[in-house]
Amino acid sequence: MTSLIDVENLTLSFRTDEGLVTAVEDVSFSLKKGEVMGLVGESGSGKSVTAKALMQLNPGNAVYDPKSKITLHAEGREVDVLSLKKAAELKIVRGGAISMIFQEPMASFAPAITIGNQMVEQLLIHTDMTKARAKDVSVEMLDRVGISDPAKRFDQYVFELSGGMRQRAMIAMALSTNPKLLIADEPTTALDVTIQAQVIDLMKDLVNEFHMGIIFITHDLGVIAQTADKVCVMYLGRIVEEGPVREVIRNPKHPYTRGLIAALPRFDDLDAPLTPVPGDIPSPLERPTGCVFHTRCREIIGDVCKRDLPENRWVDPTHRVACHLHAKMEAAR
Amino acid sequence: MSKETLITAKDLTVGYNIGKGFFDRTVLKAVNEVSIEIKRGSFFGLVGESGSGKTTLGRALLKAAPITGGQATFTDGQVSYDLATLSGDELKDYRKRAQLIFQDPYAALSPRMTVRDIIAEPLEVMGLTKTREETDARVREIAAKCRLNLEHLRRFPHAFSGGQRQRISIARALVSGPKFIVADESVAALDVSIQADVLNLLKQLQKDLGLTFLFISHDLSVVAHTCDHVAVMYLGRLVESAPTRQLFAAPRHPYTKALFSAIPSLDPDDRGRAQKLVGEIPSPLNQPSGCKFHTRCPNAIDICRTTEPQLENPGDGHEVSCHRWRELLEAEITA
């Protein structure tokens, strides 16, 4: 299968009053058509910033390192995303080939415009449909995502829908332009578990039907286990582990991934103590030297962690980890 | 630890008058004839979807929502209060004994007050301490229990991460020396690693200070790990209530079973779709007839649509309100 988007050495900082703050550092990954990638990490780990970079949605004070490169393969050509400047050029990544779903649908819809008009508006911008055709497509799409009585919902405002319905409408809107890549930023975090399960099922069906790539951002490893093909675990702007979902969850290599899994309450053993990852995520103003995780790591092996940045090591052809622990094991072998 | 009852609610109802006009007496019952008993020193879990009335029940027990029917009593060995009629000095005294921890630590703390002032405010408002020295000593003592440094007390909330802020909220709730704490979704807004830390802290504080918790959450896995007893609510009604182990080993109500199966499994090969609930919780203004859950229940039959089931206690402390639970249990055993 051909790759859909390639991210190479993405490094991004924000200019602030306190100086340059690094949000994402040296992030590389690629996504194939029809593949679902999970991006996991705590708040402040840079997962949303990474995803927004793909659509150039980060604010004006964002500084991209010249080494950073994002290549989108869509509509039969290669697009160098970071070189796009004009609004007309940016259309291809903003709503054209890439769509995004946000966590809080109430905040993402305009409150004073009907849902239908918002859906039609974006279809008129991104496709050459007539207004009447755009309306038909929108109603059809609302029906497809399981909204009852779509013709009536089309004329309603966002406050008239429940949380689950809003998220469905958001998905319908994102998919109506037929994107090649969908970025879902914590799409189920604000929902009840029962509704979350429905939305996850819906997204799985839509992947099969539309065959697009999805980047699924969440802090819930359970949701990742249920949806993703592969996972990238982020900590303080760096990808510390990447691999197929089964491998990463069953056989995590990085102490941070192990910590995240140990912190989850489990059903199979109610007496198992909950083990938090010690300490808090450091402020981005005080980035630790060496391995960014060393200040909270339980398996620290000495000064090397504080001094040197660990390199990416491939445990097998699809599973990589950036940790000195693994380098040591390799050397011992 | 004594296992006497701290909070007893009998047929507790919270109703809001939502009539449009003088003669329209439409009442919305957010909590509908709920009976629970919370033992002293226990961790009582309350679960349900948004709109199930769990927050309103918690607030009613704190006398922060109007009790319009039934009774609720608070007995801690020193005092005994009837919550429905509590007022005046007794109500002020109850505020010292019962406190609330909120969900969102970003919204619950004033950005213009230092952490010391935030924690000290209840003491000053309630007049619990006489001098500034006394207040400071009390604040320091409780801050240390909640693992906050002295240096933290001088800062403002914006300098803290989510987990630290939640620890400040906890310190503020505990500073007046309460016996009963309502924790309303207190870990829902936190990252998993921090969530584990805050849950461990709550457990520790419960042991050290002899607290009783009403722990409101929509996350069953969190409830399974922290609570001794769990009650499940749906549309203002209690549908099932049992000791945690019993409930998780053999849930009896179809709604509880559906909540379990909706939790995303950590096993990537277990991508089943069995028993997922369809639809959403109905509007409390337009409640279904009969069993409130019948519109979404996979096992509903005619009687469920017409007659509302009563909460039964078959004698093992595992209460359930469903017409068909015995039948479904037998079917499960034979299957």
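User: Is A:Val120 buried or exposed?
Analyst: A residue is buried if 20 or more other C-beta atoms, placed from the backbone, lie within 10 Å of its own, exposed if 12 or fewer, and partly exposed in between. A:Val120 has 21 such neighbours, so the residue counts as buried.

User: What pLDDT do local features need in this model?
Analyst: Residues are numbered from 1 along each chain as its sequence is written, while chains are lettered from A and ligands numbered from 1 in the order in which they are written. This is a predicted model, in which totals for chains, interfaces and linings use all residues, side-chain atom pairs count only at pLDDT 80 or more, and local features need a pLDDT of at least 70.

User: Which residues are in contact with A:Val120, leaving aside its neighbours within four places in sequence?
Analyst: A:Val120 belongs to helix 5 (residues 115–126) of chain A. Helices (H or I, at least four residues) and strands (E, at least two) are DSSP runs, numbered from the N terminus. Two residues are in contact if their C-beta atoms, placed from the backbone, lie within 7 Å. Outside the excluded neighbours, the contacts of A:Val120 are A:Lys131, A:Ala134, A:Lys135 and A:Ser138.

User: How far apart in space are A:Val120 and A:Ile224?
Analyst: In sequence, 104 residues separate A:Val120 and A:Ile224. Taken from C-alpha to C-alpha, the distance between A:Val120 and A:Ile224 is 32 Å.

User: What distance separates the centres of domain 1 and domain 2 of chain A?
Analyst: Domain bounds come from an automatic or database domain assignment. For chain A this assignment gives domain 1 as 107–178 and domain 2 as 246–332. Taken over C-alpha atoms, the separation of the two centres is 42 Å.

User: What is the radius of gyration of chain A, and what would a compact globule have?
Analyst: Chain A has 14 helices and 13 strands, and its C-alpha trace spans about 65 × 50 × 45 Å along the principal axes. The radius of gyration is taken over C-alpha atoms, and the globule rule is 2.2 Å times the number of residues to the power 0.38. With 333 residues, chain A has 21 Å, which agrees with the compact-globule value near 20 Å.

User: What percentage of the residues of chain A count as buried?
Analyst: Of the contacts in chain A with a separation of 6 or more, 62% are between residues 24 or more positions apart. Among its 333 residues, the buried share is 45%.

User: Why is strand 10 of chain A largely enclosed by the rest of the structure, and which residues cover its two faces?
Analyst: Strand 10 covers residues 230–235 and six of its six residues are buried, so the rest of the structure largely encloses it. The buried residues on one side are A:Lys230, A:Cys232 and A:Met234, and those on the other are A:Val231, A:Val233 and A:Tyr235.

User: Which residue of strand 10 of chain A stands opposite A:Met37?
Analyst: Two strands pair if DSSP finds at least two bridges between them. Strand 3 (residues 36–40) of chain A runs parallel to strand 10 of chain A, joined by four bridges. Opposite A:Met37 in strand 10 stands A:Lys230.

User: What is the bridge partner of A:Cys232 in strand 11 of chain A?
Analyst: Strand 11 (residues 238–244) of chain A pairs with strand 10 of chain A in the antiparallel sense over six bridges. These two strands form a hairpin with two residues between them, and A:Leu236 in the turn has a positive phi of about 50 degrees. In strand 11, A:Cys232 is partnered by A:Glu242.

User: Which helix of chain A gives the largest share of the side that touches chain B?
Analyst: In the contact between the chains, 36 residues of chain A meet 35 residues of chain B. Helix 9 (193–210), helix 10 (221–227), helix 11 (245–250) and helix 12 (255–262) of chain A each supply at least two residues of that side of chain A. The largest share, eight residues, comes from helix 9 of chain A.

User: What is phi of A:Asp26?
Analyst: Most residues other than glycine have a negative phi. A:Asp26 lies in strand 2 (residues 19–32) of chain A and is partly exposed, with 18 other C-beta atoms within 10 Å. Although A:Asp26 is not a glycine, its phi is positive, at about 55 degrees.

User: Where is B:Asp11, and what is its phi?
Analyst: B:Asp11 is placed in strand 1 (residues 5–17) of chain B. With 12 C-beta neighbours inside 10 Å, B:Asp11 counts as exposed. Its phi is positive, near 50 degrees.

User: How many helices and strands does chain B have?
Analyst: The C-alpha trace of chain B spans about 65 × 55 × 40 Å along its principal axes, and 43% of its 335 residues count as buried. The secondary structure of chain B comes to 11 helices and 11 strands.
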